[in-house]
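I sat down with this one to see how its helices pack. These are my notes, in the order I looked things up.

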There are 2 protein chains.
Amino acid sequence: MSPKPAGGTVPPMGATNVTWHHGEVSREERERALGHRAACVWLTGLSGSGKSTLARRVEKRLVERGALAYVLDGDNLRHGLNADLGFGPEARKENVRRVGEVARLMVDAGVIVLSAFISPYRADRDGVRALFEDGRFVEVWVSTPLEVCERRDPKGLYARARKGEIADFTGISAPYEAPASPELEVDTSQDDLDACAARVVEALEARGLLRA
Amino acid sequence: MSPKPAGGTVPPMGATNVTWHHGEVSREERERALGHRAACVWLTGLSGSGKSTLARRVEKRLVERGALAYVLDGDNLRHGLNADLGFGPEARKENVRRVGEVARLMVDAGVIVLSAFISPYRADRDGVRALFEDGRFVEVWVSTPLEVCERRDPKGLYARARKGEIADFTGISAPYEAPASPELEVDTSQDDLDACAARVVEALEARGLLRA
């Protein structure tokens with residue numbers, strides 16, 4: 001046995017403990033067929049920090065390499081599964097909880113899930129982390145500073161929040177709790193999109209989730 | 001152009017309308033890599049009819065063929081995403097709605113989803129069907145008769161429902177609305193498990209979802 005590397009490298013295929021009964025097919029069988037491990041890459045950061053754009057660029061890179069990757073973000077969640085939820089603290093908590101549970105199912109199916117949600121509360125993110133085995137959850141803090149996000153303001157939301165037209169707006173009228181020890185930190189105002197995407201892919205390789 | 005066969009065969013890859021914005025990767029690119037189409041196979045029927053067992057046998061057959069299939073059932077939903085829901089009519093409705101939305105996300109990611117829920121109300125099942133493009137939703141009525149299900153009673157639930165210990169028990173104290181025109185009907189008291197599984201796989205092949 002080699003020593004366990006820092007950062008939670010996933011054990012060899014077939015050696016993991018599964019979290020629930022899988023019936024006749026194990027995730028290991030799926031992963032053998034897919035040629036990569038399944039994982040949840042959780043991007044957290046302010047509105048306008050570049051989470052969704054980055055997630056979709058990483059998705060593209062992974063699919064080009066033949067991996068099965070899929071982005072969960074507001075576009076496909078808020079209109080469907082979470083259409084019944086608002087933006088107050090309790091609704092945000094339930095939003096993050098459901099996304100975490102969907103990510104868990106998809107990871108169980110063999111997918112590399114890239115989730116892109118503000119997910120401002122540390123406790124909620126840690127609740128999602130607890131759903132996954134060690135090394136399967138990769139928290140990426142998209143730490144683009146507030147002033148840059150506000151200058152970008154792609155949907156005009158910051159301007160409206162400053163005018164008081166949007167309540168509970170993260171960074172303006174609601175808190176953002178930065179991750180204490182994320183697996184990776186990227187700032188899309190410091191590095192360009194492809195450089196940030198490359199760093200996410202390298203983080204997956206370094207954890208043994210993806211073949212280098 | 002060949003005429004459209006009955007039963008909603010899926011159009012050639014690249015010709016489908018997508019239901020929402022996918023960013024940089026289309027489902028067609030995923031499907032080309034996976035070598036099969038994505039679909040939602042929705043098994044509906046009474047408790048004890050054999051839905052979950054059948055779903056898991058089909059999953060095994062598909063994964064053995066190199067397809068990415070995944071079962072959604074009470075085991076992995078009721079303990080996670082839907083842990084907050086009970087069994088009354090409204091909770092059942094919300095349960096089915098969420099499963100449908102999760103299936104939609106997984107199908108979007110390229111997976112053949114096999115869902116195994118009693119889903120007793122026709123309107124709720126039709127609501128799920130409406131989430132999918134024509135030909136991507138395959139409703140399978142597991143029509144094993146009530147008396148057989150009750151004789152099997154694998155979890156002792158029918159006995160408890162007859163004693164009045166369980167409220168809203170489908171087939172005893174709550175209705176089951178049989179599908180009017182399912183894509184397939186199987187009765188696990190008439191055919192053995194492997195024969196039923198083979199019929200589901202054939203139905204996928206016949207619809208162009210899976211290579212024969």
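The entries below go from the chain A overview to single helices and then to helix pairs.

**Entry 1: overview.** First, a reminder to myself that this is a predicted model. I counted elements in chain A and got eight helices and five strands. Reading from the N terminus, I wrote the order down as α-β-α-β-α-α-β-α-β-α-α-β-α. Then I checked burial: of the 212 residues in chain A, 55% are buried. I also looked at how far apart in sequence the contacts reach. Taking contacts in chain A with a separation of 6 or more, 75% are between residues 24 or more positions apart.

**Entry 2: helix α1 of chain A.** Which residues of α1(A), residues 27-34, are buried? I found A:Arg27, A:Glu28, A:Arg30, A:Glu31 and A:Leu34. Looking down the axis of α1(A), I see these buried residues within an arc of 155°, so they line one face of the helix. I kept the textbook rule in mind here: an α-helix has 3.6 residues a turn, so positions three or four apart point the same way. On the face turned away from the buried side I noted A:Arg32 and A:Ala33, both exposed.

What do the buried residues of α1(A) pack against? From chain A there is α4, and from chain B there are α1 (27-34), α2 and β2 (69-73). I also looked just past the end of α1(A), where A:Gly35 has a positive phi of about 80°.

**Entry 3: helix α5 of chain A.** I ran the burial check on α5(A), residues 122-129, and it returned A:Asp124, A:Arg125 and A:Val128 as buried. Their arc around the axis is only 95°, which puts them on the same side of α5(A). For what covers them, my list includes β1 (39-44), α4 and β4 (137-142) of chain A.

**Entry 4: α4 against α4, across the chains.** Next I took helix α4 (residues 89-109) of chain A and its namesake in chain B, also residues 89-109. Their axes come within 11 Å and cross at roughly 55°, which makes α4(A) oblique to α4(B). I logged the crossing as right-handed. On the α4(A) side the contact is made by A:Glu94, A:Arg97, A:Arg98, A:Val102, A:Leu105, A:Met106 and A:Ala109. On the α4(B) side I listed B:Glu94, B:Arg97, B:Arg98, B:Val102, B:Leu105, B:Met106 and B:Ala109. Sorted by class, the α4(A)–α4(B) contact has eight nonpolar residues, no polar ones and six charged.

**Entry 5: α2 against α8, within chain A.** How do α2(A) and α8(A) cross? The axes of α2(A) (residues 51-64) and α8(A) (residues 193-206) come within 9 Å, at roughly 60°. The two are therefore oblique to each other, and their crossing is right-handed. From α2(A) I noted A:Thr53, A:Leu54, A:Arg57, A:Val58, A:Arg61 and A:Leu62 in the contact. From α8(A), the contact residues include A:Cys196, A:Val200 and A:Leu204. The class split for α2(A) with α8(A) is 10 nonpolar, one polar and three charged.

**Entry 6: the α2/α8 pair in chain B.** I repeated the lookup for α2(B) and α8(B), which pack at about 60° with axes 9 Å apart. That crossing is right-handed. Among its contact residues I picked out B:Leu54 and B:Val58 of α2(B), and B:Ala197 and B:Val201 of α8(B). By class I got 10 nonpolar, one polar and three charged residues.

How values were computed
Residues numbered from 1 in each chain as written. Chains lettered and ligands numbered in written order. Predicted model: local features only at pLDDT ≥ 70, side-chain atom pairs only at ≥ 80, totals over all residues. Heavy atoms only, no water. Axes fitted to C-alpha atoms, helices over the stretch in contact; angles between N-to-C directions. Helix = DSSP H or I, 4+ residues; strand = E, 2+ residues; numbered from the N terminus. Parallel < 35°, antiparallel > 145°, perpendicular 65-115°, else oblique. Left-handed = near helix turned anticlockwise from the far one by under 90°. Contact = heavy atoms within 4.5 Å. Nonpolar A, V, L, I, M, F, W, Y, C, P; charged D, E, K, R; others polar. Buried < 20%, exposed > 50% of the residue type's maximum accessible area, 1.4 Å probe, protein only. Arc of directions from axis to C-beta.
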